[in-house]
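Subject: Structure for you to look at

Hello,

Here is the structure I said I would pass on. Please open it next to this email; my notes follow below it.

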Amino acid sequence: MFITMNKGQVAAILDEIAVLLELKGENTFKCRAYSNGARAISQLDADLAQVIAEGKLGSIPGIGETLQEKITTLVTTGKLPFYDDLRAQFPDGLLQMLRIPGLGSKKVKALYEQLKIDSLDALRAACNSGQVAALKGFGEKTQAKILEGLAFLELGADRVRIDQALPIAQEILEELRGLKGVIRSELCGSLRRRKETIADIDILLSSNDPLPIMERFVKLPGVVQVVAHGDTKSSIKVNASEAARLLINCDLRIVTDKQFPFALHYFTGSKDHNIAMRARAQHMGLKLNEYELAGAGKSVACKDEAALFKALGLDYVPPELREHTGEIDAALAHQLPSLVKTEDIHGVFHCHTDWSDGKATLKEMAGAAQKLGLKYLGIGDHSQSLTVANGLTPERVQKQHAEIDALNAKLKGFRVFKGTECDILADGRLDFSDEVLETFDYVVASVHTNMNQSEADMTARIVKAVSHPKVTMLGHATGRLLLRRDAYHVNLEAVLKAAAEHDTMIEINAHPQRLDIDWVHCKRAKALGVKLVINPDAHSTAEIGLYPYGVDVARRGWLEKKDVFNTMTLAEVETALA
DNA sequence: GCCGTTTTCGGCCCGACTGTTTTCAGTCG
C-alpha cells in the first residue's frame with residue numbers, strides 16, 4: 001500500500017537534505033548527490049510509485065543504492081527518519097538565513113556555532129551590535145552586506161514576475177547597446193527562456209573594450225546598489241518600481257565577440273540543459289564551457305548559437321525549450337517541434353468589458369483588438385453569481401448580445417464573439433441554465449469561489465464542469481497568482497483527461513500574474529490530445545496585448561500552431577464554434 | 001553519494017568576484 005507522496009514533494013525533501021548536509025559540513029559531492037537525485041526525481045516522466053513498484057528506481061541516472069533506499073522509504077511510508085533527524089539538528093531559521101545573498105552554508109554554520117544565531121531577527125541584532133564583523137572570516141563589509149540582504153528579503157524581492165522584469169531589462173539593454181564598442185548584445189537567463197518568474201536579469205555583451213561599459217553600467221539611473229564590479233562581470237540592484245519598492249538583480253557580463261555564442265548559450269541556461277550539453281560535448285570528445293567548444297587542443301569556431309548546436313550534431317534548440325526535458329534528444333533526432341509564434345495568433349477569447357468588471361466598453365475593446373491586428377475578439381464577462389465583479393444576469397446577457405450584434409453589423413473582416421466566463425459553482429454546476437448557455441457562441445468555465453476545497457472536491461467540481469457539453473474551454477485552471485497565491489488543490493491530470501474525453505479546451509491564461517496552466521501541464525495536455533487556447537483575461541484595452549506572454553508559455557510547453565485553437569482564422573473559428 | 005572507454009578508487013564544472021587576508025576561502029551562477 002503506497003502513501004501518496006508525489007515527485008515534487010520527494011524532490012523538495014532531497015533538496016533540503018542536501019542543504020542540511022552542507023550545514024553539517026559534509027563533503028560537497030555528497031551534498032550534490034542529493035541535489036542531483038532531487039533533480040532526477042523531479043524530471044522523471046513516469047509515475048514514481050510505479051517505478052518503485054517495478055524496482056526500476058536504481059536504473060535512473062543519479063539514483064544509487066542509498067538514494068534508492070531513502071526514496072523508497074519516503075514514498076512507501078511517507079516519512080524518512082534520516083531526514084527527520086537531520087532537521088532536528090538545525091533550527092528552521094538557518095534555512096532562512098541561507099536566502100540572504102552572500103550567505104552560504106559555511107558562513108551560516110559559523111554564525112550558528114560561534115554566535116548561536118538561529119533566526120533572521122537574531123542575525124539582524126548581531127549585525128547591529130557589531131558582533132558579526134568581529135567574527136573570524138567576516139568583517140565590516142560582510143556585516144553591512146548581510147544587513148542589506150535582510151532588507152532585501154523583507155521586500156520579498158528575491159523573485160519577480162516576467163512582466164515586472166522584462167520592461168526594465170529591455171530598457172537597460174537598449175541603454176547599453178547604444179554605448180561605443182558594443183558589438184553584440186542579448187538578454188540571457190530565465191528571461192530569454194521566458195520563465196514566468198525570474199530571480200535576476202542577465203545581460204551579455206561582446207566588446208573589445210569592456211571597462212568603460214562596465215563603468216557606465218554600475219552608474220545607470222535606477223541603480224540602488226552595486227553588488228559586484230569587475231572587468232568582465234558586474235552585478236547591480238535596480239529599482240524597478242518606486243511605488244512597489246521593487247528591486248531586481250541585474251548581472252552584466254562582457255566577453256569577446258568570438259566567445260559570444262558560447263557565452264550566450266551558457267548564460268541562457270537552464271543549468272540542467274547546460275549540464276546535458278556539456279555531457280554531449282564530452283561524449284564527442286569535446287569540451288564546452290562559456291568561452292569555447294574545444295577538442296584535441298584546438299577551438300571549434302562558431303559564429304552563432306545555431307552553429308554551436310550544429311557542431312554538436314544538434315538542430316537549433318529555441319531558448320524556451322532549454323529545460324532538459326528531452327530537447328537534446330529531440331534535436332538529435334530532428335524532431336523538435338515547430339513552435340507556435342505570436343504572429344500565428346489571430347484572435348483571443350476571455351476578455352472583460354465594463355458590462356462586468358472590465359474598464360473599457362465593448363466598442364473600445366474591439367477597436368483595441370483590431371489595432372493589434374487581430375481578426376476576432378471573444379468577450380467573456382462574468383456570470384450572475386459573481387456579484388463582486390458585477391456578473392451579468394440572463395437579462396443583461398440578452399442586452400449585451402444585442403449590443404454585440406449591432407457592433408458586428410458595422411465591422412468588416414472582424415468579429416466579436418459572444419461568450420461568458422461562467423462561474424463553476426462549488427458543486428461543479430454552472431452559473432447559468434443550459435438555455436442561457438445555449439445563447440453564447442462559446443463558454444469559458446472558471447472557478448472564482450470556494451477555493452479552499454479538498455483536492456477530491458475541487459477535482460470532481462472541475463471535472464464536472466469540463467464534462468458539461470456547453471463548456472468550450474476551462475479558464476485559469478489552477479487559480480494561482482504568481483508569487484501571491486498558490487494553486488488550489490486539484491488533480492490536474494484528472495481534469496486534463498476529462499477535457500480530452502469531452503473535447504473541451506484548456507486555457508493558457510496569458511495574464512502575467514497567472515500564466516496558468518503552466519508550461520509543464522501544456523506538454524501533458526498536448527500528449528493527451530487536449531487543445532489549448534491562449535487568452536489574455538483582459539480587463540482593459542491594454543491588457544489584450546498581454547497574449548504574447550501566453551505564447552511564451554505555449555512555446556515552453558512544446559506547442560505548435562496546430563495545438564492552439566486561436567491560431568485559426570476567423571472563418572475557421574466560426575465553423576468550429578457553430 | 002554516484003559513477004565507470006578512469007570500473008571498486010578517485011574524481012565529481014569551474015571561472016569570476018568579494019572580502020578578508022597576505023595567498024585564499026566562500027559564494028554564485
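Aspartate 200 has a polar side-chain atom 3.4 Å from a phosphate oxygen of DNA strand B. Please keep in mind that this is a predicted model, and that the distances here are computed from it.

Two other contacts to phosphate go through the protein backbone. At glycine 62, a polar backbone atom is 2.6 Å from a phosphate oxygen of DNA strand B. At lysine 107, a backbone N or O atom lies 2.9 Å from a phosphate oxygen of that strand.

As for the surroundings of DNA strand B, 38 residues lie around the strand. Arg32, Gly62, Gly139, His229 and Lys233 are the closest of these. Sorted by type, the residues of this surface are 13 nonpolar, 13 polar and 12 charged. Which part of the DNA faces the protein, sugar and phosphate or bases? Of the atoms of DNA strand B within 4 Å of the protein, 81% belong to sugar or phosphate, and bases account for the rest.

Several elements supply at least two residues each to the surface near DNA strand B: helices H2 (28-42), H4 (65-77), H7 (105-115) and H10 (140-154), together with strand S5 (223-229). The most comes from H2, which gives 5 residues.

Further along the chain, I looked at strand S11. S11 covers residues 347-351, and 5 of its 5 residues are buried. S11 pairs with strand S12 (residues 376-379) in the parallel sense, over 3 bridges. Within this pairing, glycine 347 stands opposite tyrosine 376 of S12. With helix H18 (residues 362-371), S11 and S12 make up a β-α-β unit, and the unit is right-handed.

The last item is an open sheet. It has 6 strands, paired in parallel, and their order is S13-S15-S16-S17-S18-S19. The edges are strand S13 (381-382) and strand S19 (532-535), each of which pairs on one side only. Inside the sheet, strand S17 (residues 473-474) and strand S18 (residues 505-509) are joined by 2 bridges in the parallel sense. Leucine 474 has isoleucine 506 in S18 as its bridge partner.

If you want a place to begin, go to the phosphate contacts of glycine 62, lysine 107 and aspartate 200, then turn to the β-α-β unit of S11, H18 and S12.

Regards

Conventions
Residues are numbered from 1 along each chain as its sequence is written. Chains are lettered from A and ligands numbered from 1 in the order in which they are written. This is a predicted model: local features need pLDDT of at least 70, side-chain atom pairs count only at pLDDT 80 or more; totals for chains, interfaces and linings use all residues. Side-chain values use heavy atoms; hydrogens and water are left out. A residue is near a molecule or strand if one of its heavy atoms lies within 4 Å of it. A polar contact is a pair of N or O atoms within 3.5 Å; within protein, one must be able to donate a hydrogen and the other to accept it, and residues adjacent in sequence count only if both atoms are side-chain atoms. Helices (H or I, at least four residues) and strands (E, at least two) are DSSP runs, numbered from the N terminus. Ala, Val, Leu, Ile, Met, Phe, Trp, Tyr, Cys and Pro count as nonpolar, Asp, Glu, Lys and Arg as charged, and the others, Gly among them, as polar. Buried means under 20% relative accessible area, exposed over 50%, partly exposed in between (1.4 Å probe, protein chains only). Two strands pair if DSSP finds at least two bridges between them. A crossover is right-handed if, with the strands pointing away from the viewer, the path from the first strand over the helix to the second runs clockwise.
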